[in-house]
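Hello,

Here is the structure I promised to pass on, with some notes on what turned up in it. Please have a look at it first, then read on.

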Amino acid sequence: MRRKGFTLIELLVVIAIIAILAAILFPVFARAREAARQSSCSSNLKQLGTAMLMYVQDYDDTLPGAAPFSAASPYGHWVLAYNNGAGQNMAQPGPFPVDQGALFPYVKNAQVYQCPSDSNARTKRLSYTMNSSGNFRPMAAAQSVSTIPLFVDESATLNDGYFAY
């Protein structure tokens, strides 16, 4: 009487082949995942740029303020800043309340403010920063918007929502 089944060597060969295929495919999947994250990050920046243009149309062709070191204005900051009591706006000590910023009514999604590749996004809730050269300036007085970056991904550095170009 002969038993039907696999021998131990046959099982080990199959497991070895699966392990080799997995070792080949895991880096490919990791690259594909990172490419998808980069695409999502670019999409977030595009959505913020579109929200910026909608804000400008609603507020007399004036750009919002870059946070947090900008002066007081009747217009809002693109993300909220807090006042340290000495009349000076400072970066939020914890997560930025992006849902209270000037662009949030146009975006309506707090995840747009976070790059999927940003490891600090969970604590700061903000991966991008706004160029200070357009700080509360009318579009006509600011540098040509097509020649300067409005937003950049600043997740790898100190991100306080404000950068000088």
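Let me start with a question: where do Glu34 and Arg37 both lie, and how many residues apart are they? Both belong to helix 1, with a spacing of three residues, which is about one turn of the helix. Please keep in mind that this is a predicted model.

Glu34 and Arg37 form a salt bridge, and their closest N and O atoms are 3.7 Å apart. A search of the whole structure finds one salt bridge. As for their surroundings, Glu34 is partly exposed because its relative accessibility is 29%. Arg37 has a relative accessible area of 32%, so this residue is partly exposed too.

Now the overall layout. The protein chain has three helices and five strands, and from the N terminus on these elements follow the order α-β-β-α-α-β-β-β. There are 165 residues in the chain, and 34% of them are buried. About 10400 Å² of the protein chain is exposed, with carbon and sulfur atoms supplying 59% of that area. If we take the contacts with a separation of 6 or more, 60% of them join residues 24 or more positions apart.

Next, the interior. In soluble globular proteins, nonpolar side chains tend to be buried together. The largest nonpolar core here holds 23 residues, and those touching the most other members are Leu48, Met52, Trp78, Leu103, Tyr113 and Phe151. At least two core residues come from each of helix 1 (8–58), helix 2 (104–107) and strand 3 (128–131). Helix 1 gives the largest share, six residues.

Met52 is a good place to zoom in. Apart from neighbours within four places in sequence, Met52 is in contact with Leu63, Pro64, Leu103, Met130, Leu150 and Phe151. Two of these partners, Leu103 and Phe151, are also among the core residues that touch the most other members.

The aromatic residues deserve a look as well. The whole structure contains three aromatic pairs. In one of them, the ring centres of Tyr55 and Tyr59 are 4.4 Å apart and the planes meet at 25 degrees, so this pair counts as stacked. Tyr55 is buried because its relative accessibility is 1%, whereas Tyr59, with a relative accessible area of 34%, is partly exposed.

Another stacked pair is formed by Trp78 and Tyr113, at 5.8 Å centre to centre and with 25 degrees between the planes. Trp78 sits in the loop between helix 1 and strand 1 (82–83), and Tyr113 in the loop between helix 2 and helix 3, so the pair ties together parts that are 35 residues apart in sequence. Both Trp78 and Tyr113 are buried. There is also one aromatic cluster made up of Tyr55, Tyr59 and Tyr106.

One last spot to show you is a polar residue, Ser127, in the loop between helix 3 (121–124) and strand 3. Is Ser127 buried or exposed? Its relative accessible area is 0%, so Ser127 is buried. The Ser127 side chain makes a polar contact with the side chain of Asp118, at 2.6 Å.

If you open the model in a viewer, Met52 and its contacts with residues including Leu103 and Phe151, the Trp78 and Tyr113 pair, and the Ser127 and Asp118 contact are the places I have described in the interior and the loops.

Best wishes

Terms used: Residues are numbered from 1 along each chain as its sequence is written. This is a predicted model: local features need pLDDT of at least 70, side-chain atom pairs count only at pLDDT 80 or more; totals for chains, interfaces and linings use all residues. Side-chain values use heavy atoms; hydrogens and water are left out. A nonpolar core is a set of buried Ala, Val, Leu, Ile, Met, Phe, Trp, Tyr and Cys residues joined through side-chain atoms within 4.5 Å. Buried means under 20% relative accessible area, exposed over 50%, partly exposed in between (1.4 Å probe, protein chains only). Helices (H or I, at least four residues) and strands (E, at least two) are DSSP runs, numbered from the N terminus. Contact means heavy atoms within 4.5 Å. A polar contact is a pair of N or O atoms within 3.5 Å; within protein, one must be able to donate a hydrogen and the other to accept it, and residues adjacent in sequence count only if both atoms are side-chain atoms. Accessible areas come from the Shrake-Rupley method with a 1.4 Å probe; for residues, only the protein chains shown count as cover. Rings of Phe, Tyr and Trp (its six-membered ring) pair if their centres lie within 6.5 Å; planes under 30 degrees apart count as stacked, over 60 as edge-to-face and the rest as tilted. A salt bridge is a side-chain nitrogen of Lys or Arg within 4 Å of a carboxyl oxygen of Asp or Glu.
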